[in-house]
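Trainee: Could you take me through one part of this model up close? I'd like to see how the charged side chains pair up, and then a helix and a strand beside that.

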Amino acid sequence: MMNLTRMAIITKIIYITSFIFHVQCLWRDSVIARGHTMKPQELHFAALFPFSAMNRESEVAWAAKPAIDLAIKYVNINEKILQDFELSMKPFDTKCEMAEGTKAFFEAMAEGPPKLMILGGVCSNVTAPIAEAVIWWKLIQLSYANTEPFLSEREKYPTFFRTVPSEADFNPAKIKLLEHFNWTVVATIYQDTPRFSIAHSRLIRDLEDLGNKLLLVANFANDPEQAVKDLRESGARIILGYFEEDVAVKVFCNVYKQKLFGSKYAWILPGWYADSWWNSTDLPNDCTAADIKEASNGYLATDILPLSNSEEKTISGLTAKEYEDMYNLERGNNFTVLHGYAYDGVWVVASALEKVINQLGENRSMLTEFDYQNDYILQIFMEAMNDTDFVGVTGPVRFKDGNRLGTIMYEQMQDGKEFKIGEYYAYSDEFNLSTEEIEWIGGSPPIDQPVIYRVPRGISFVLYIVMCCLSYIGIMLAFMFLFFNMKFRKHRYIKMSSPYINNLIIIGGILCYSSIFVIGLDSPSISDFAFEMVCSARSWLLAVGFTLAFGAMFSKTWRVHSIFTNLKMKKRVIRDRKLFTIVCVLLLVDVVVLLSWEIRDPLKRVKVEAREEIDPEGDDNVFVIPVMQHCESVQMSVWLATIYVYKGVLMVFGCFLAWETRHVSIPALNDSKYIGMSVYNIVVACMIGAALSFVIKNDPNAAFGIISLFILFCTTITLCLVFVPKILELRRDPTGEDRKFRCTSARGSFKLTSASSGMNVSARMHYLRVENGKLRKALAEKDREVSVLLEKLGLETPNNFEHLNSYFVPETTVTTVPHTKDTDHNTITVMDNRQGVNGWADVTTHVYVNPMDHSAVNPVEYFELAEIQLGNTSPSGECITNGGHLSANAGSPFDHDNGNLAVHTQMRPKRKSRQELQYGALSNNEDVDTSAEVSEDARSRLLEDQNELSEYTCALMLTLHDTPILSDDDDNDDDDEDSLDDIPVTSHLETPY
């Protein structure tokens with residue numbers, strides 16, 4: 001029962017309230033009908049203008065005020081908004097200075113009536129501090145001219161709104177443009193100021209979120225020269241710029257100098273530059289206006305849309321075109337593209353007030369009694385501003401976090417003027433672009449980066465075939481040398497050069513030649529497993545082949561060096577098996593390194609991209625990237641360094657040995673001259689080839705060609721230097737019986753002589769000594785005559801005469817040398833006893849074998865000195881010989897009518913305590929026995945000991961047999977035959993001087 005009573009009471013109250021409201025409405029309507037009006041209440045807002053600043057902002061303010069006045073006029077006569085209220089504006093001059101602007105704001109707050117909103121600011125240095133302060137007065141500030149992105153920071157400027165889009169709000173429009181032309185690779189350049197740095201930072205963030213690639217982010221403070229150079233080096237083609245109009249002149253001056261313009265480039269800039277900005281009066285000294293115009297021609301720009309192109313009626317009841325006509329009548333000579341935003345700004349204020357009034361209802365008096373402390377009024381004002389949604393003369397007016405979701409205009413610079421080419425609608429994230437109105441320099445939009453084709457690049461098939469053919473020829477040449485070396489290995493000249501060691505050189509050369517076949521295999525069609533096998537084959541063939549060839553030459557050079565630098569005068573026997581051991585040790589090192597490499601870090605196929613190359617057809621938008629295949633491992637540099645160091649040390653040591661034995665000339669023994677030349681060639685070629693292989697490794701044809709040529713050159717030169725002289729010698733002496741080589745040594749040099757040449761030297765030395773003795777004897781007689789004459793004159797005889805007498809040489813003595821013959825062994829033994837005094841005795845024994853003695857022996861052409869034996873007949877020491885060779889002088893071949901053999905030796909006594917000087921003779925192709933001189937100290941001690949010896953007798957025994965000896969063809973001259981015809985078996989003993 002009580003509930004029904006309450007419902008009845010509530011119903012009556014509602015009915016009475018409705019009746020009273022209806023009566024009021026009727027009364028008002030009646031009053032209006034009678035022509036009477038109610039006086040409206042004024043709603044005030046403050047407007048900040050830099051009227052007296054005398055700058056660009058001042059011009060904007062004077063041009064915006066007519067639009068604001070026109071908007072207030074239409075607000076106040078509009079029956080659909082602010083009924084019973086009238087909008088009123090009170091202007092204040094900020095002078096575009098922060099202090100003056102702050103003062104103007106405080107004056108506006110102090111003067112009555114209360115201001116419900118702050119409009120304007122224009123100058124950022126005035127707008128920013130006021131926008132930060134109005135929150136303390138519970139007010140909202142609305143700007144129509146400030147585009148600075150930092151004003152969007154809601155934590156710092158929570159009640160700031162603007163009808164003009166900020167610089168950061170141009171970024172979505174630019175991103176849409178990039179997406180439309182498929183520009184995903186870009187670069188940016190910006191002026192380092194707050195106006196641009198914030199907008200630029202947001203653009204970078206948005207681009208990265210979309211997955212775009214940034215080639216470069218360049219910035220500058222005043223001079224953009226370096227930043228533009230960096231853009232050039234980055235290869236960027238699509239460039240977004242953020243900088244002031246006066247700086248744009250400097251930027252495009254450097255763009256002109258760096259050639260960053262034309263059909264390949266697209267610049268996107270701010271669109272609010274003045275007309276003909278490129279023709280500034282403040283141009284750089286090194287650029288003209290025409291240069292800047294040419295460099296900037298065709299750039300794209302984003303700018304605010306001054307007025308909507310729609311024919312739709314706006315909130316004021318006017319179309320954008322009708323408003324523009326009315327504004328042009330009011331503005332006089334003042335103009336700014338922001339006038340439409342100032343006009344829409346007033347309608348934003350009116351629209352927000354209308355919403356607040358409707359929400360306050362009966363409490364609308366709170367607006368006229370506003371005391372700057374009412375949080376509730378601020379709250380409903382903020383809600384009204386955020387709910388703003390109407391069509392203005394600049395397009396739909398909406399806000400998001402205080403920023404206008406407006407319309408952005410696309411423009412393009414065409415022949416010095418900017419033309420509109422499209423629009424971007426921020427509220428719907430859509431755009432409209434008239435592509436037919438865009439004029440591209442190249443006829444089409446540039447691409448953000450060249451079209452890159454990755455083309456497999458391998459070794460030319462023609463080059464590969466040519467090198468394989470040359471390698472095949474080299475292998476055939478090596479097999480020919482191998483056949484020659486094995487077939488004639490028993491030939492004395494070949495046998496004495498260690499043919500089996502030479503075989504290693506040939507095998508190493510064949511392996512090096514074979515490596516060319518696998519080095520050129522890099523086809524993409526080869527499977528990974530097969531390619532890895534090819535990689536291994538490359539390293540093994542080249543490393544092992546080098547070791548065999550170079551190691552064999554190295555060992556032979558080492559043998560020569562060891563023999564001829566034997567300062568201790570000890571017998572050295574270096575057989576071929578020791579040389580094989582050296583090569584095996586070197587080969588073992590290779591095997592250990594290569595196996596370790598294969599097991600721990602095997603070579604894999606790696607595809608490497610070279611630098612971009614211009615399209616062969618000349619298209620600037622097309623580049624080719626060669627893709628090559630290499631054999632690489634994780635620690636490849638370590639393994640290569642190990643091999644290079646090992647091989648390098650070996651080559652350096654080989655050069656050292658070749659240099660040390662450069663004066664040695666024993667063709668049959670060691671090939672030292674040719675081996676040294678080979679070593680030098682290999683070292684130089686390896687150094688140059690290794691360096692070039694790193695430089696041109698990205699050019700497969702050049703790398704393969706140079707490496708193959710170096711291998712062919714080094715290997716062929718080495719084989720030819722080693723074997724061609726042997727072939728020539730074999731051609732000259734097919735039987736190997738023409739010459740016998742004998743090694744003699746002297747201080748500072750090493751020398752080879754033959755038997756026949758030894759005969760010439762021996763015979764000539766004999767007659768020279770005889771002649772020398774005669775001349776000395778004649779000189780002594782003349783000295784005696786001079787002495788007699790001096791005595792007669794009463795003068796003293798000079799001491800040098802007496803000194804000269806001590807150098808007289810005894811005359812040659814002729815003795816009969818007994819000899820015996822052994823018919824069973826075809827030998828003749830000659831015995832010769834010698835006596836000498838103090839030191840060496842140079843002895844030449846000529847053995848004449850008459851027909852009667854020889855008839856018992858099988859006829860032979862030559863006799864060979866089989867051995868020299870000395871018997872000791874002196875108690876002072878044993879007799880030894882220092883050198884000795886046999887000569888057959890009386891015609892060649894040795895016949896029954898004339899058979900005179902000469903043996904030249906040096907004999908001396910030697911104490912048992914002295915170091916033995918051994919005669920070195922070449923016995924076969926494996927053993928080399930030789931000796932060098934004793935040191936100077938040993939020589940001096942020896943001479944001192946010899947002074948103690950008065951005289952000695954040595955027995956010389958020569959054993960001859962019928963083994964043919966080697967002889968030079970040109971040594972059997974007539975002079976030697978004539979000079980020895982009448983000489984019987986003789987001996988000649990001289991005291992040294």
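Mentor: Here is a walk through the salt bridges, followed by one helix and one strand residue.

Keep in mind that this is a predicted model. Side chains of opposite charge can pair when their charged atoms come close. With a cut-off of 4 Å between a side-chain nitrogen of Lys or Arg and a carboxyl oxygen of Asp or Glu, the count here is 16 salt bridges.

Let's start with Arg-195 and Glu-167, whose side chains meet at 3.1 Å, N to O. Arg-195 sits in helix 6 (residues 194–209), while Glu-167 is in the loop between strand 5 and helix 5 (171–180), so this pair ties together parts 28 residues apart in sequence. Glu-167 has a relative accessible area of 4%, so it counts as buried.

A pair with a wider sequence gap is Glu-532 with Lys-604, where the closest N and O atoms are 3.6 Å apart. Because Glu-532 belongs to helix 17 (residues 528–564) and Lys-604 to strand 18 (residues 604–609), this bridge links parts that are 72 residues apart in sequence. Lys-604 is partly exposed, at 39% relative accessible area.

Now one inside a single helix: Arg-732 and Glu-729 form a salt bridge at 3.2 Å, N to O. Both are in helix 22 (residues 700–732), and being three residues apart puts about one helical turn between them. An α-helix has 3.6 residues a turn, so residues three or four places apart point the same way. Arg-732 is partly exposed at 40% relative accessibility, whereas Glu-729 is buried at 12%. Elsewhere, shared partners join Glu-167, Arg-195 and Glu-244 into one network of salt bridges.

Next, helix 13 (residues 375–386). Its 12 residues, at 1.5 Å each, should span 16 Å, and the end C-alpha atoms are 17 Å apart, which agrees. Asn-374 caps the N-terminal end of helix 13, with a side-chain oxygen 2.9 Å from the backbone nitrogen of Tyr-376. Buried residues in helix 13 include Ile-377, Leu-378, Phe-381 and Met-385. Among the elements covering the buried residues of helix 13 are strand 3 (115–120), helix 11 (339–360) and strand 12 (395–400).

Last stop: Leu-269, in strand 9 (residues 266–270). Leu-269 has 0% relative accessibility, so it counts as buried. Its C-alpha atom is 4.8 Å from that of Ala-301, though the two residues are 32 apart along the chain. Leaving aside residues up to four places away in sequence, Leu-269 touches several others, including Gly-241, Phe-243, Phe-252 and Tyr-299.

Notes
Residues numbered from 1 in each chain as written. Predicted model: local features only at pLDDT ≥ 70, side-chain atom pairs only at ≥ 80, totals over all residues. Heavy atoms only, no water. Helix = DSSP H or I, 4+ residues; strand = E, 2+ residues; numbered from the N terminus. Buried < 20%, exposed > 50% of the residue type's maximum accessible area, 1.4 Å probe, protein only. Contact = heavy atoms within 4.5 Å. Expected span 1.5 Å × (residues − 1). Polar contact = N/O pair within 3.5 Å; in protein donor to acceptor, adjacent residues only side chain to side chain.
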